[in-house]
Amino acid sequence: PLSVAAARAAAKRALAGGEPRAERLSQLAALAERTLAAERPLSAWAVFEMGAARLSRWRAVGCEERMSRPLLATALRSLAAQRRRHDFERWIGRAEEELGEPLSAESEPLSSAMCAACEAGWEQHALAMNASLADAGRAPSTAALNALMAMRLDASADGDDEQRQRGATSALDVFIRMRVSRVPPPDRDSAALATAAAGRRKETWSGLRNL
């Protein structure tokens, strides 16, 4: 796994290359993705900061290069992993300016940010991103809705019986919408989460399976 110093050095090498600017930003996004996969959000953020700083320099001399969606998505995931809610909100707010189009113009970057928000326990942020995708005529990924189900189950796990039941019901609501609409389709993880929620409500899986 890359330390912050090693990540910065790797980012510096990528930016110093002779490839087109967009390709260098893609290399930074891939580097940040690797550091996130290794559970190094600080290193991922260091990579993003170097990319954002270089973009500012390019723009200062008249370049109109836009930030890449994958690079911005790694920044949002890194901030959520660090529980830096204010900065997360700030970059969500800047997304359209940085990208040149709404963040919801494609599903994947916002879906990955939605997953990260769920892992941080930021339900209102996750729901806002879900609504943004819906307004754009798009749907979040199956992984994003699974993360929403898991968050609702986890958030209510230590509550009293009424809170646990309410958390299970809200998680099942997500699964039922997935089963009915098939956009996105549920997967095995969805089914496992629904089974856990149904068990908490003392219901059987067979009724959900037949939806």
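Reader: Why is E98 called buried or exposed?
Author: E98 has 4% relative accessibility, and buried means under 20% relative accessible area, exposed over 50% and partly exposed in between, using a 1.4 Å probe and protein chains only. E98 therefore counts as buried. Keep in mind that this is a predicted model, where local features need pLDDT of at least 70 and side-chain atom pairs count only at pLDDT 80 or more, while totals for chains, interfaces and linings use all residues. Residues are numbered from 1 along each chain as its sequence is written, and side-chain values use heavy atoms, with hydrogens and water left out.

Reader: Happy with that! What makes the meeting of the E98 and R94 side chains a salt bridge?
Author: The N to O distance is 2.6 Å. A salt bridge asks for a side-chain nitrogen of Lys or Arg within 4 Å of a carboxyl oxygen of Asp or Glu, so the E98 and R94 pair qualifies. Both residues lie in helix α5, four residues apart, about one turn of the helix; helices here are DSSP runs (H or I, at least four residues; strands are E, at least two), numbered from the N terminus. R94 is partly exposed at 29% relative accessible area. A network of salt bridges links R59, R94 and E98.

Reader: How do you know how far apart D87 and R90 sit along helix α5?
Author: D87 and R90 are three residues apart in α5, so about one helical turn separates them. Their salt bridge has its closest N and O atoms 3.5 Å apart. D87 is buried, with a relative accessible area of 17%, whereas R90, with 36%, is partly exposed.

Reader: What makes the salt bridge between E101 and R69 a link between distant parts of the chain?
Author: E101 is in the loop between α5 and α6 and R69 is in helix α4, 32 residues apart. Their side chains meet at 3.0 Å, N to O. R69 has a relative accessible area of 8% and is buried; E101 has 34% and is partly exposed. The structure holds nine salt bridges.

Reader: Why are α4 and α6 described with the word parallel?
Author: The axes of α4 (residues 69-81) and α6 (residues 107-120) cross at roughly 5° and come within 9 Å. The axes are lines fitted to C-alpha atoms, for helices over the stretch in contact, with angles from 0 to 180 degrees between N-to-C directions. Angles under 35 degrees count as roughly parallel, over 145 as roughly antiparallel, 65 to 115 as roughly perpendicular and the rest as oblique. The two helices are therefore roughly parallel to each other.

Reader: Which residues of α4 make that contact?
Author: On α4 they are R69, A73, L76, R77 and A80, facing P109, S112, A113, A116, A117 and A120 of α6; contact means heavy atoms within 4.5 Å.

Reader: What makes E39 worth a look, in terms of phi?
Author: Most residues other than glycine have a negative phi, and most peptide bonds are trans. E39 has a positive phi, near 60°, and is found in the loop between α2 (21-37) and α3 (41-60). E39 counts as exposed at 69% relative accessibility. R83 also has a phi near 60°, in the loop between α4 and α5 (85-99), and is partly exposed at 46%.

Reader: And how do you know which kind of peptide bond joins V183 and P184?
Author: Omega is about -5° there, and the bond is cis. P184 is found in the loop between α9 (161-181) and α10 (188-200).
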